[in-house]
Amino acid sequence: MNTENISFWDKIAARIPFTRTGRLARPRLRHKFFFIFLIVIILPFSILIYYSYTSTRSTITKQTYTALNVTLAQINTNVEKRLDYYNQLSNILYMDAQLRNYLSTDYEQAFYYLDAFQYINRTLPSLMTLNSNIQNITIFTGNKTLYSDGQYVKYMEELPAEIKGKALKAAGSTVYTHTDDYTAPDAHFTLARSLSYFSLQHPYGILTLDISDNELYSLIKMENNNKSVYIIDENGRIISTGDQNLASSLLYDLYPIQKELSGASGHFDLKMNGQERFFTYNKLSNGWSTVITVPYDELLSNTNKATGKIIWFSAITISIAILLLYFTTKVLTKRIEVLLQQIRKVERGDFRLSIKPMGHDEIGQLSFAFNKMASTIQNLIQDVYVKEIAMKESELNTLQAQINPHFLYNTLSSISSLALKEGAGQVYRMVNYLAKYYRVSLNKGKRIILVEQEINLVKNYVAIQDIRFRDKLHMHYDLDEELFQRTTIKLILQPFIENCINHAMWDESGVNINVKLKRDGHDMLLQVIDDGAGMTAEQLDQAMQKSDSPSGASGYGIKNVDDRIKLTYGGDYGVSMFSKPGIGTAVTIRIPLDPPPSAAKAPG
C-alpha cells in the first residue's frame with residue numbers, strides 16, 4: 001500500500017472516536033441535543049403539513065365537482081340548441097302553405113300531382129343538403145289520391161304506431177323518438193310533429209326528420225376523458241353516449257339509478273361491485289336527461305396527484321430538517337469530538353495532529369497544547385507528501401508533452417511545406433491529406449466527432465489512397481447532409497474503406513465504392529457498398545469474428561468497430577454485412593440519431 005493510501009485511510013480513522021477497548025464511542029451529548037431539537041421542530045411542522053394536505057384535498061375535490069357541473073350544463077345547452085335548430089327547420093315545413101295545399105288537395109287524375117312532387121323533390125332534398133346529419137325527411141299523409149314515392153311521401157299506415165301516437169297527442173308540438181340500437185351504423189333519433197296548421201284535431205299529415213346520432217355524439221365525445229356521459233330518454237334508454245364499450249341499451253341495466261333520476265337535476269353517489277361512483281344529471285326540455293358518472297378514483301385523481309406531491313414535498317422537507325438538525329448538533333459538539341479524536345490518535349501512537357484554533361477557553365487551551373506537541377512531525381510528513389505529489393505532477397506533464405498530438409500536426413505541416421518547395425506535388429498532396437486525416441482521427445483525444453468530420457476523414461483517406469492506386473478507386477457519395485451535425489464515434493467508416501481497397505479489387509479496372517448516409521426512423525445508417533471480389537459465407541463469418549482487420553494494417557477490424565458501437569450505444573446497434581463472391585460486399589452501420597447523454601458527449 002502506497003503513502004497516499006495510508007494517509008487517506010489514517011485520516012478517515014482519525015475522525016472516528018474509539019473507546020479504550022477499541023469500540024466506537026457514542027457521542028451521547030449530540031444525541032440528546034438532536035432528539036430535543038427534533039421534537040421541538042418536527043412536531044409543529046408535521047401538524048402544518050397535515051393541515052395543508054387536508055385543505056388542499058378538500059379544495060381540489062370541490063373544484064372537481066364544480067367542473068363536472070359546468071360540463072353537464074354546457075352539454076345540456078349544446079343539446080338544447082341543436083334540438084331547437086331542428087325544431088326551427090321543421091317549422092319551415094310546418095308553416096309552408098304551398099306544401100299544405102299540395103298535401104290536402106284531392107287529385108282526380110294522376111298527372112295533377114306532378115306539380116306537388118316537383119315542389120316536394122325540390123324543397124326536402126335542399127334541406128337535407130344543407131344539413132348533412134339529416135338522414136331522411138318524410139311526410140306521412142292520409143290522402144290516398146296523392147301518390148306515395150316511398151321516400152319523401154308515404155302513407156300514414158307506414159308510420160310506426162309509437163311515433164304516430166306521440167305526434168297526434170302532441171297536437172303540432174315536436175316529439176322525439178330514437179332507434180333501439182344506438183350503436184348501429186345508421187343509429188338516429190326522429191323528430192316528429194303533426195301537420196295540423198288549421199285544425200289540431202284533423203292533421204293533414206305527420207312530418208318526421210331522421211337525424212343521425214353523430215349530431216348528439218359530437219357534442220359529448222370530447223367530454224369522455226376520465227368520465228362517462230349518457231343522453232337517455234324518459235324510460236332510461238340510451239340515445240347517445242361516448243362510452244362505446246357499453247353493451248346495454250338501457251342505462252338502468254348498468255346502473256340501478258331510476259329512483260335517483262326522478263328530479264329535474266341533482267347529484268348522488270352509488271357503490272357497485274366494490275367501486276364507488278359519482279353521478280350528476282340534468283333533464284332537457286323534451287324529457288330527455290343527460291347523466292355524467294365518474295369513478296371516485298378518477299374523480300379524485302387530481303386530488304391524489306396533489307396529495308402525492310404534498311407527501312413527497314413533506315418527506316423531502318422533513319429530511320432536510322433532520323439533516324439540518326444533525327449538522328446543528330454536530331457543530332455544537334464538534335470541538336469536543338475533534339479533541340477526543342486527537343487524543344485517541346496520540347493513544348495509538350499517531351502524532352499527525354491538525355487541530356485548528358478552538359478559542360481561549362479550557363478546550364481551546366488543551367487543543368493548542370496537543371497541536372504544538374505534534375506540529376514538528378506533522379510538518380515533516382506534509383513536506384514529504386507535497387514533494388511527492390509535485391514530482392508525480394511533473395512526470396505526468398512531461399509524458400503529456402511527449403505525446404502531444406500537435407507535434408504530429410506540426411511535423412506533417414513541415415514535410416508538406418518542404419515537398420511543395422521541392423516541387424514534389426504528389427508528396428505534398430499525400431502529406432497534406434495525411435495531416436487532415438490525423439487531425440480528425442486524433443481529435444485531441446476525443447472519441448466523439450460529428451458525422452461530417454467522419455465523412456471528411458474518409459475523403460482524406462481516399463485521397464491518399466487515390467494517389468497510390470492512380471484512378472482505380474471510383475468513389476460515389478449519397479449523403480443526407482441534414483445528418484452532418486449528428487454525432488458518432490470516430491473511425492467507424494475508414495476500416496471498411498480500407499478493406500475494400502485491400503481485398504475487393506480483383507482486376508485493373510479498380511473498384512466502385514458507394515458511401516451512403518441516410519435516416520431510418522430514429523436511427524442513422526452508414527453504408528459502404530463495393531462491387532469487388534466479395535466473400536464467401538465462411539470468409540464473412542471469419543471477418544465478423546476477428547478483432548483486427550484481415551490485413552492487420554488498420555487495427556480497427558469489423559468486430560472491433562461492432563464492439564465499440566455496441567459498448568457506446570447498446571446491443572441494438574452495430575455492424576451488419578452482406579457479401580457474395582463475384583458481386584461485392586455491403587456493410588451497414590446502424591447508430592442512434594439522438595444518443596443519450598450517458599452514451600456519448602457532443603464534440604467540443
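Which residue in strand 10 is the bridge partner of R277? The partner is P295, and the pairing is a good way into this predicted model, where local features need pLDDT of at least 70, side-chain atom pairs count only at pLDDT 80 or more, and totals for chains, interfaces and linings use all residues. Residues are numbered from 1 along each chain as its sequence is written, and side-chain values use heavy atoms, with hydrogens and water left out.

## Overview

The protein's secondary structure comes to 16 helices and 17 strands; these are DSSP runs numbered from the N terminus, with helices being H or I of at least four residues and strands E of at least two. Of its 604 residues, 40% count as buried, where buried means under 20% relative accessible area, exposed over 50%, and partly exposed in between (1.4 Å probe, protein chains only). About 34,900 Å² is exposed, and carbon and sulfur atoms supply 56% of that area, computed by the Shrake-Rupley method with a 1.4 Å probe; for residues, only the protein chains shown count as cover. Among contacts (heavy atoms within 4.5 Å) between residues at least 6 apart in sequence, 61% join residues at least 24 apart.

The unreviewed UniProt entry lists residues 33-53 and 310-327 under "transmembrane region"; such annotations may be inferred rather than shown by experiment, feature names are shortened, and positions are given in the numbering used here. In the model, the span 310-327 is 100% helix and 0% strand, and its end C-alpha atoms lie 25 Å apart.

## Strand 10 and its partners

Back to the opening pair. Strand 10 (residues 289-295) is mostly covered, with 7 of its 7 residues buried. S289, V291, T293 and P295 point one way, T290, I292 and V294 point the other way, and all are buried.

The table gathers strand pairings, where two strands pair if DSSP finds at least two bridges between them.

| Strands | Sense | Bridges |
|---|---|---|
| Strand 6 (residues 228-232) and strand 10 | antiparallel | 5 bridges |
| Strand 9 (residues 275-283) and strand 10 | antiparallel | 7 bridges |
| Strand 1 and strand 5 (residues 205-212) | antiparallel | 6 bridges |
| Strand 1 and strand 2 (residues 153-155) | parallel | 3 bridges |

On the strand 6 side, I232 has S289 of strand 10 as its bridge partner. Strand 9 and strand 10 form a hairpin with 5 residues between them, and G287 in the turn has a positive phi of about 100 degrees.

## Strand 1 and F189

Strand 1 (residues 134-141) is mostly covered too, with 6 of its 8 residues buried. Its F140 has I206 in strand 5 as bridge partner, while I139 has V153 in strand 2.

F189 sits in strand 4 (residues 188-195) and, at 1% relative accessibility, counts as buried. F189 and I211 are 22 residues apart in sequence, yet their C-alpha atoms are 5.5 Å apart. Leaving aside residues up to four places away in sequence, F189 touches L83, Y176, T177, H178, L209, D210, I211, S212, L216 and W288.

## Helices 13, 14 and 16

Helix 13 (residues 451-469) makes a neat check on geometry: at 1.5 Å a residue its 19 residues should span 27 Å, and the end C-alpha atoms are 27 Å apart, which agrees. The expected span is 1.5 Å times one less than the number of residues. R470 follows helix 13 and has a positive phi, near 50 degrees.

Helix 16 (residues 558-569) has 12 residues and reaches 17 Å from its first C-alpha to its last, close to the 16 Å expected. Its buried residues are I558, V561, D562, I565, T568 and Y569. Seen down the axis of helix 16, these buried residues fall within an arc of 135 degrees, so they line one face of the helix; the arc is that of the directions from the helix axis to the C-beta atoms. An α-helix has 3.6 residues a turn, so residues three or four places apart point the same way. The cover over the buried residues of helix 16 includes strand 13 (487-489), helix 14 (494-504), helix 15 (537-545), strand 16 (574-580) and strand 17 (584-592). Just after helix 16, G570 takes a positive phi of about 115 degrees.

Helix 14 is itself mostly covered, with 9 of its 11 residues buried; among them are Q494, P495, F496 and I497. F496 is found in this helix and counts as buried at 3% relative accessibility. Not counting residues up to four places away in sequence, F496 touches V528, I558, V561, V575, V587 and I589. V528 is 32 residues from F496 along the chain, with the two C-alpha atoms separated by 7.0 Å.
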